[in-house]
Amino acid sequence: MSPTFRAFKVRNFRLYASGAIVSNVGTWMQRVAQDWLVLELTHSGTALGIVTGLQFLPALLLGPYAGLIADRFPKRTVLTVTQIAMATVALTLGGLTIAGVVQTWHVYLLALLFGVGTAFDAPTRQAFVVEMVGRDELSNAVGLNSASFNAARLLGPALAGLLINWIGTGPVILINGFTYSAVILSLRLMRVSELHTPKPAARDKGMIRDGMRYLWRRPDLMMVLVAVFFAGTFGLNFQLTSALMATSVFHKGAGEYGILGSVLAIGSLSGALLAARRVRIRARLVIGAAVAFGLLEIVSALMPTYLTFALVLPLVGLTSLTMLTSANATMQLSIEPTMRGRVMALYMTVLMGGTPIGSPFIGWIGQVMGARWSLIAGGGLTVLGTVGSVLYFSRRRGLAIRPRLLPRPHLEVLPQTELLGEKAVVDTPDVPKKDVGHQVA
């Protein structure tokens with residue numbers, strides 16, 4: 001079997017991936033349909049930003065608690081409950097739209113409820129990957145997981161754009177509600193005896209604070225988290241910025257808007273497949289990819305036509321996925337198994353929890369200053385935040401970051417206390433030597 005797909009040797013992961021691709025296609029279809037519905041109801045970029053913000057607000061408020069649930073309860077059970085909850089929300093929104101009674105406040109409320117399900121689903125899903133495949137194949141499995149998500153991103157938006165024109169937004173949202181059954185079925189068919197399930201964390205006071213303290217004492221991980229926060233809050237607002245560019249700048253319809261999402265996914269899928277092949281990672285990859293992503297987002301804003309804008313988007317997708325897979329790997333393989341749920345919940349909180357702040361802000365910029373400025377602001381803040389995290393943690397938190405020209409230009413990251421001794425790989429300091437440098441996407 002090709003090294004790119006080696007995790008598919010594991011039966012449980014094959015089941016999971018087959019269910020996930022179906023559900024992910026539906027999710028991307030609903031994202032496009034929901035955004036189009038909001039634009040039809042309000043004709044407002046600010047309203048679109050509010051919906052996106054509400055959908056991610058629970059990740060900010062509930063993320064740490066969701067991680068505690070992931071550490072204390074069977075992850076298959078938690079994921080089954082979250083799939084049922086999100087399916088119910090999708091079916092409700094689709095039904096209201098088909099009935100012709102949907103209002104803006106309905107979309108706001110259901111986006112918030114959908115976000116609650118996502119807040120509990122995301123950290124559990126991230127932590128469950130290692131239970132399916134074990135540590136040796138973790139890097140590859142998460143890369144393939146991201147590839148599945150972005151393959152769906154390639155198909156889902158374009159399919160949604162076509163179906164919106166043919167059958168309307170309501171049926172498209174309704175279809176997504178039924179796709180969650182594929183994940184539920186795959187979870188039920190798994191062999192529990194083949195899962196690498198760690199001992200559940202014992203109930204104790206201050207468990208969430210323990211996770212926060214654990215991260216604060218790790219400057220290498222904190223540097224990654226700050227870079228991810230700025231990218232997630234201000235840069236990764238594609239469903240908002242692409243909608244604004246398609247409608248207000250290039251004056252296109254739902255079909256062309258859906259195509260932009262698929263074109264972006266070409267680069268993201270390429271980044272995920274490259275991540276699946278990658279064996280070693282370092283913190284510099286996260287930093288370099290974050291800066292490149294921010295700069296390319298600014299470049300995309302300056303493109304004069306719909307075609308040139310679409311041609312830049314694959315590069316934006318590739319760099320964003322490289323950043324996210326590298327950051328995810330650094331987090332998952334650098335932490336203790338009993339802390340994985342809480343730490344990954346904090347990671348997902350940082351990644352998605354800033355969206356309620358950034359998405360309305362970016363939407364407001366697009367409304368007031370123009371759609372191009374929404375991309376310029378998002379990319380610029382991503383670059384500034386990433387560079388700022390490097391400077392802060394290199395001077396204040398005990399990391400030294402030095403440029404190297406040989407054997408190729410790169411940044412070298414290591415603790416300042418070890419500058420006079422043997423160089424350390426700081427991405428995974430608590431991981432046994434055989435696992436140092438592996439990555440999760």
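These legends describe an overall view and close-up views of a predicted model. Residues are numbered from 1 along each chain as its sequence is written. Local features need pLDDT of at least 70, side-chain atom pairs count only at pLDDT 80 or more, and totals for chains, interfaces and linings use all residues, while side-chain values use heavy atoms, with hydrogens and water left out.

**View 1. The whole protein, with 15 helices and 2 strands.** Helices (H or I, at least four residues) and strands (E, at least two) are DSSP runs, numbered from the N terminus. Of the 441 residues, 60% are buried, meaning under 20% relative accessible area (exposed is over 50%, partly exposed in between; 1.4 Å probe, protein chains only).

**View 2. Helix α8 against helix α14.** Residues 219–235 form α8 and residues 355–369 form α14; the two pack at an angle of about 40 degrees, with axes 7 Å apart. Axes are lines fitted to C-alpha atoms over the stretch in contact, and angles run from 0 to 180 degrees between N-to-C directions. The angle makes α8 oblique to α14, a class left after under 35 degrees (roughly parallel), over 145 (roughly antiparallel) and 65 to 115 (roughly perpendicular). Gly 232, Thr 233 and Phe 234 of α8 meet Thr 355, Gly 358, Ser 359, Phe 361 and Ile 362 of α14.

**View 3. The surroundings of Ile 298 in helix α11.** Helix α11 covers residues 283–301. Ile 298 counts as partly exposed because its relative accessibility is 23%. Leaving aside neighbours within four places in sequence, Ile 298 is in contact with Leu 375, Ile 376, Gly 379 and Gly 380; contact means heavy atoms within 4.5 Å. Ile 298 and Ile 376 are 78 residues apart in sequence, yet their C-alpha atoms are 4.6 Å apart.
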